[in-house]
Amino acid sequence: MNRVRIIQVTLLAATLWLLAACAAPTAQVVEKTVVVEKPVEKIVEKTVVAEKTVIVEKTVVVQPTAVPGRDTLVVALARAPQGIDPADHSSREAETVIRNVYDGLVTRDATSGVHMEIAESVKWLDTKTLEIKLRKGVKFHDGSELKADDVVFTFDRVFKTNAIEFPQPHTALRKGFLGPLGTAEKKDDYTVVMNFTAPWPAAMQLLVHTQIVSKAYVQKVGTKGLIEKPLGTGPFKFVSSKTGLEEVVLERFADYYGGAPTLTPVGKSCVSRAVFRVIPENSTRVAALLAGEVDVIAEVPAELVDTLKKVPGVQVKTVPGTRPIWMEFNVKQAPFDDPKVRQALNYAVDKNLIIKKVYNGLAQPLAGALMPTNNFADPSLKPYAYDKAKALALLKEAGWVPDASGMLMKDGKPLAFVIDTIDSIRPLTEALATLLRDIGVDASVRVWEYNVVRTKLLAGERQAYVGDWGDSAFDPVGHMEAKWHSLVTGSTYGRGNFSGYSNARVDKLIKDGEIENDAAKRKAIYNEAQKLIYDEAPAIFLVLPEAIEAAGARVQNWTPASDSRENLHDVCLK
Amino acid sequence: MKAIKIFERVLTTIPIMFGVAIIVFFFIRLTPGDPVDIMLGRSAAASQREIEQLRHQFHLDEPLHAQLGYFLGDAMRGNLGYSYIRNKSVVDLLAERLPATIELTLGSLLVSLIIALPIGILSAVRQNSFLDRFSMAGAFLGISMPGFWLGIILILFFAVYLQWLPAQSRLGYDVQLQEITGMYVLDSILTGNMPALMDSLKHLVLPSITLGAGVAAIVARVLRSSLLEVLRSDYIKLARAKGATEWDVVMKHALRNALIPTVTVVGLQVGVLLGGNMIVETVFSWPGLGRLVVDAIFNRDFPLIQGAVMIYAITFVLTNLVVDVLYTYLNPKITL
């Protein structure tokens, strides 16, 4: 009898859960928590971009409040970090762990503002020479002071060929983040001069991604030792890690200098211990939060936002993500060699419907080559409006006319193609195919493993591809060159250009923009490039999904960052 | 004598491993996707020279038979190479992950036997009773239930709603444990660490039930049908005629013979458990071999895939050996 009752209860629970899952509304528009950039931060960032100006710091010291009870902050990530050597990693999870243990010369706030961190000030001596004054009294976790030698050593490890000796000598994966760096020299103990081989206006946004290691420590323990026991100047000391970084335990660094003076609160970390745990399955990550096992979870699926918001005490916050999504046409093949067809299909897609149905309202439409939150996105470009009549008119001009069944035909052949995609973007792609079928396009979806389809795309072997491309630098450099410059084999240009799009003027503009130091001129250059790409439409410009995170009731002062980094310095537990 | 036979059987695993190694070596190279391309695809800038250098380092620029030579030569010296993606020796990576997987496999095996043996026996003895029909319906459900679904249901009920058991991981972050074997339950016992033992057992329960449910269902069905067959045989009638109690008839006379096909199935299911780990390890964020292998496959991490498949093969071969040895205990007429 007892067993029967247990089974009854279990079945009841299962049924309730299923009903709850089925009933989860997908069409509701969810309130967005938008992180507003503080005016002070903007000024700092703009001052840096404007060059040759020494930044004057304003320090606001706020002591962390003492926290009673459990003082360990547990953060659940969706994937394990791949390696935690600041010079040699490529995942955002790795960067999350690294930037809590190490500080950089500069850092970024929750949006795209750049702030001085270990650097006290930066100054462009000329267009190719950057002088960095270091803050005095910054200590590594072993108590030694950070000096110019450490900064030079860090840069050498990142950009010099084969500078990483373990497991085999190789060049650091982060090399690209130092742009055209020629040499880094020590001027005195607290001054470093970076000599670039070409002007590099994107320097500040990209320097955010290089964290400083201790020369003495790395020389003593080697790269292997550094990976096993990282040592930096950041707010948290590395304590231990388990099985392939599935769990990383950090503790407060008592001698921390306080971090960026322009980012309050300045001072030691609020919590005494922080733990990163990997929970790959979305439902489990959410369940662990609801069960109180973890305090903050990353990558909340949009469809669970409504459910989570109904749970008392659970906080859900969103911030614009940095992974815009396009459907790239193979512009070298018919029918997509005709710009009219490409423009028509841009008009044929109701992006707002996709945002509402697929992203639960948590995404923004794209208006071209750059995501709207990129510092150089052209605000005068508006997303292609949903206009079926215009789409059909343009298709008619291109020779595509609906037959009796409504299918678009030209010379007796239907407008049919396969849209390739990867599993994580499948729902969007399926919605897109449905919308395209709606105007008479015979579109079907094929899901690939990214590593397999990538080479086929670059070889021009596919017809259309829905994919995303990270833009966490908020600067066109790295993004425009990868996505919209013609493919130049053996270089970084066009390495993500899956449409085969090639426009000599756009190529020139992209290269000009990389080395233009005048901010206004640079903006004009990129605006022209964006306009050209917008008009020629090598892709259907789709959406920029929000990054969604959630936290438990005890978590305070927590803000998800746009570049998907979990900055735990300010977070408190009540 | 038996020890020598067992040793002989262990020796026969060597050619099997050799064959597995060669098959895996060629098969993974047939899959599209170039490891160097994937590796450097992550880096912002890689020159042609760096690509060639990397190919050379991993011997990928040499003909396949030469690559196979390097691989087998290294493998014989116990070196399975370096993981391309994780910058760590494959042996270390496997050693780090294998204990978690073994612990989970043993846990789920135990759970499945605890469920399956009484159900199988009772439903055979009370054939066609309500209990029989109910438990066989349950077994049917168990076979058809996908692991990830059951796992999530269990998490929602026991971790979120009742808050009795943890939803993820192997040990609470606030529990200290000195690792010896890497199997936390065993390590807690070895170090006499009671809090860690309780905590690791709690963490083991839900994933073990999830993984063990399907196996329990199969084992229960097999045990039921083989026990039914045995119970109809003449020697059982004789035992009853001699006046043996029903308990003695079933447990002493019938069960032993009925266990032979059951043990075979359990042995084969160990392979299923190892494979099923990939999903259950993901649902419960259990840092075992399954997830490592999936990652390795997506990244075309050849050395790691090869190493992991060899571990699976060895486990499978050894499990079959254990099954064969068990036969000889269940039925002394069977020899190795």
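Modeller: The bend at a residue is the angle between two axes, one fitted to the seven residues ending there and the other to the seven starting there. Please keep in mind throughout that this is a predicted model.

Colleague: Where does helix α5 of chain B bend, and by about how many degrees?

Modeller: In α5(B) the bend is found at B:R97 and comes to about 30°, with a proline, B:P99, following within four residues. The helix covers residues 90-125 of chain B, 36 residues in total, and spans 50 Å from its first C-alpha to its last, which is close to the 52 Å expected at 1.5 Å a residue.

Colleague: How many helices and how many strands does chain B have?

Modeller: Chain B has 13 helices and zero strands. Its C-alpha atoms fill a box of roughly 85 × 50 × 40 Å along the principal axes, and of the 336 residues in the chain, 49% are buried. When contacts between residues at least 6 apart in sequence are considered, 71% of them join residues at least 24 apart.

Colleague: How should I read a single residue in such a chain, for instance B:S135: is B:S135 buried or exposed?

Modeller: An α-helix has 3.6 residues a turn, so residues three or four places apart point the same way. In this model B:S135 lies in helix α6 of chain B, which runs over residues 130-144. Its relative accessibility is 11%, so B:S135 counts as buried, the limit being under 20%. Leaving aside residues up to four places away in sequence, B:S135 touches B:I119 and B:S123.

Colleague: Turning to chain A, which order do the strands take in the open sheet that includes β16?

Modeller: Strands of a sheet pair through backbone hydrogen bonds, either parallel or antiparallel. Here the open sheet has three strands in the order β15-β16-β17 of chain A, with antiparallel pairing. Its edge strands are β15 (401-402) and β17 (413-414), each of which pairs on one side only. Two bridges join β15(A) to β16(A), residues 408-410, and A:P402 stands opposite A:L408 in β16(A).

Colleague: Which way do β18 and β19 of chain A run, parallel or antiparallel?

Modeller: They run parallel, with seven bridges joining β18(A) to β19(A), the latter being residues 442-448. One bridge partner can be named: A:V418 is matched with A:S444 in β19(A). Strand β18(A), residues 416-422, is mostly covered, since five of its seven residues are buried.

Colleague: How many aromatic pairs are there over all chains, and what makes the pair of A:F329 and A:F336 tilted?

Modeller: Rings pair if their centres lie within 6.5 Å, and planes neither under 30 degrees apart nor over 60 count as tilted; the count over all chains is 21 pairs. The ring centres of A:F329 and A:F336 are 4.7 Å apart and their planes stand at 40°, so this pair is tilted. B:F158 and B:W164 also form a tilted pair, at 6.2 Å centre to centre and 40° between the planes.

Colleague: Are the residues of these pairs buried or exposed?

Modeller: A:F329 is buried at a relative accessible area of 0%, and A:F336 is buried at 2%, whereas B:W164, at 55%, counts as exposed.

Colleague: Which residue has its charged end over the ring of A:F376?

Modeller: The charged end of A:R522 sits over that ring, 4.7 Å from its centre. In another case, A:K136 lies over the face of A:Y190, at 5.1 Å from the ring centre.

Notes
Residues are numbered from 1 along each chain as its sequence is written. Chains are lettered from A and ligands numbered from 1 in the order in which they are written. This is a predicted model: local features need pLDDT of at least 70, side-chain atom pairs count only at pLDDT 80 or more; totals for chains, interfaces and linings use all residues. Side-chain values use heavy atoms; hydrogens and water are left out. The expected span of a helix is 1.5 Å times one less than its number of residues. Two strands pair if DSSP finds at least two bridges between them. Rings of Phe, Tyr and Trp (its six-membered ring) pair if their centres lie within 6.5 Å; planes under 30 degrees apart count as stacked, over 60 as edge-to-face and the rest as tilted. Buried means under 20% relative accessible area, exposed over 50%, partly exposed in between (1.4 Å probe, protein chains only). A charge sits over a ring if NZ of Lys or CZ of Arg is within 6 Å of the ring centre and within 35 degrees of the ring normal. Contact means heavy atoms within 4.5 Å.
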